[in-house]
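Work through the exercises below with the sequence and the coordinates open. Each task is followed by a solution in steps.

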Amino acid sequence: MPTVELPDRPPFAIRARIVTPLAAGGTLDIPDGVVEVDLAGRLARVAAVGAATDLPGGVPAGTIDLRPWVVLPGLIDTHAHLPQLPNAGLGFALDLLTWLDRLTFPTERSWADPAVAERLAPAIFRAFAAVGTTTVLAYGVVYEAAMDAAFRAAEAHGIRAILGKVMMDRVTYDPTIEPSTILDRSLRESSDLIGRWHGAADGRLGYAVTPRFAVSCTAELLRESASLARSAGTWWQSHVSEDPGEIAEVARLFPEARDYVDVYDRAGGLGERSVLAHAIHLSDREVARLVETGTRVSHCPSSNLFIGAGVMPLARWLEAGVIVGLGSDVSGGPEPSLFSVMRAGAYSQMARRALDGESRPPLEPLEWLRLATIDGARVLGLEDRIGSLEAGKEADLIVVDPAMTAPLHGGGDSAAADHELLDDPAALASRLTFRAHPDMVRGAWVRGRKLDGPS
């Protein structure tokens, strides 16, 4: 195990195994390679050691040797709820609306005191980094001051974060706001937060206008929030078709809409900067409309299984052309690790094959890694900047210790044999997915700056 101190800022070069999806397709596996990060925090070179054409001058002076650790792109969580992380692991098998009322809304209400956000947000971002997440798209709370505190914590920590103040005007957990003023106040506060934080930290921080979901929002709020996102050039995020009870309630509240997706379509909420979480129970018409508008989807299998919402027919949606990334959805999902989300997703898709006769082939481990990295970047429209380890991109990366996933420990012949098994990148990805260890992420960087969190 390497004992060197990890670099905390650019420029630097590290030597390790390199495994990354490529933006154009396929996977690059370099058993012994060097990742060079320039002073601006970009990937200057990703190259093999020993190939004169790749490293004409040999290994750069000062290169930090991390072998046998593996360098991967930083993971991209496309759906999470910041204030809910302390609830992770609670509420198993509660239906969505009961889970919200019993666990979630009381927790989010506690952030009315911005001191709670100031205390918890730094630890929350460390927890994301500790499991390899370097980019997170997350919901906050309805309170402007708490969102300012969350953005300040993200700015200080160094994580790449797109956050949004939750908007709710039909159902709300803040009893102190006069109902007739909620819409105007929520729009004004969201606009103010956009002015302060969208594009902050040289673009590392961003804003997502965040109507919670159709059950808690009037048609006017949905329409005005979508208009705000378009005019300000931000993201727009909500939930769709997560739970049968939720879908039935949306149909009751919006009788003029053809279906759940149509509620957001009528509001002007669909498009390439829109991310809808879950999207489990969609009709063919809804899927076609998402593809036609370029609307992105965050797949949250851990959460979907935990509360019993259902299993997305992922292979069908991908075949249809839906752009899909992965979301932890903490605390609907019981932990923030996207490696665990990959495992839950793989299991749930195998269950669909066994129980529903799904004929499409299941995703392989390297395809799940792609969903958690470059496809997550595509969901956010950031695939030209992050999501893969390719020269010219920003240096968002992690290092993992694959030995921590070994079924047997003790060194000697068993360790050597296990190392040989993992020479296949698909086998490595399988181990990281199905035997993820909570401490296997040893370092995480955004733009070449090391994040607090990994052990």
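**Exercise 1. Charges and overall form**

How many Å apart are the mean positions of the positive and negative charges of the protein chain?

Solution. The model is a predicted one. Step one is to count the charges: the protein chain has 43 positive and 59 negative charges. Step two is to compare their mean positions, which are 2 Å apart.

Next, state the make-up of the chain and judge whether it is compact or extended for its length.

Solution. The protein chain holds 15 helices and 16 strands. Its radius of gyration is 22 Å, close to the 23 Å that the globule rule gives for 455 residues, so the chain is as compact as a globular protein of that length. The C-alpha trace spans about 65 × 50 × 40 Å along its principal axes. Of the 455 residues, 59% are buried. Among contacts between residues at least 6 apart in sequence, 75% join residues at least 24 apart. The accessible surface is about 17000 Å², and carbon and sulfur atoms account for 52% of that area.

**Exercise 2. The seven-stranded sheet**

Give the strand order of the open sheet of seven strands and identify its edges.

Solution. The order is S3-S2-S1-S4-S14-S15-S16, and the pairing is mixed. The edge strands pair on one side only; they are S3 (43–48) and S16 (449–450). Within the sheet, S1 (residues 12–21) and S4 (residues 64–73) run parallel and are joined by four bridges. To find the register, look at Arg17, which stands opposite Val70 in S4.

Now place Ala16 and list what surrounds it.

Solution. Ala16 lies in S1. Its relative accessible area is 1%; the cut-off for buried is under 20%, so Ala16 is buried. Leaving out residues up to four places away in sequence, Ala16 touches Ile30, Pro31, Asp32, Gly33, Leu66, Arg67, Trp69 and Val71. By contrast, the C-alpha atom of Ala16 is separated by 56 Å from that of Arg252, 236 residues away along the chain.

**Exercise 3. Two covered strands**

How many residues of S5 and of S11 are buried, and which strands do S5 and S11 pair with?

Solution. Take S5 (residues 75–81) to begin with: seven of its seven residues are buried, so S5 is largely enclosed by the rest of the structure. S5 pairs in the parallel sense with S6 (residues 133–139) over five bridges, and His81 stands opposite Tyr139 in S6.

Then take S11 (residues 274–278), where five of the five residues are buried. S10 (residues 235–240) runs parallel to S11 and is joined to it by five bridges; Gln237 stands opposite Val275. S12 (residues 296–299) also runs parallel to S11, with three bridges, and here Leu276 stands opposite Val297.

**Exercise 4. Backbone checks**

Which residues following S10 and S11 have a positive phi without being glycine?

Solution. Ser241, in the loop between S10 and H6 (244–253), has a phi of about 50 degrees. Ala279, in the loop between S11 and H8 (284–293), has a phi near 50 degrees. Ser241 is buried at 1% relative accessible area, and Ala279 is buried at 0%.

Where do cis peptide bonds occur?

Solution. One runs from Pro10 to Pro11, with omega near 0 degrees; Pro11 is in the segment before S1. Another runs from Val330 to Ser331, with omega near 10 degrees. Ser331 is in the loop between S13 (323–326) and H11 (338–356).

Key. Residues are numbered from 1 along each chain as its sequence is written. This is a predicted model: local features need pLDDT of at least 70, side-chain atom pairs count only at pLDDT 80 or more; totals for chains, interfaces and linings use all residues. Side-chain values use heavy atoms; hydrogens and water are left out. The radius of gyration is taken over C-alpha atoms; the globule rule is 2.2 Å times the number of residues to the power 0.38. Buried means under 20% relative accessible area, exposed over 50%, partly exposed in between (1.4 Å probe, protein chains only). Contact means heavy atoms within 4.5 Å. Accessible areas come from the Shrake-Rupley method with a 1.4 Å probe; for residues, only the protein chains shown count as cover. Lys and Arg count as positive and Asp and Glu as negative; His and the chain ends are not counted. The place of a charge is taken as NZ of Lys, CZ of Arg, CG of Asp or CD of Glu. Two strands pair if DSSP finds at least two bridges between them.
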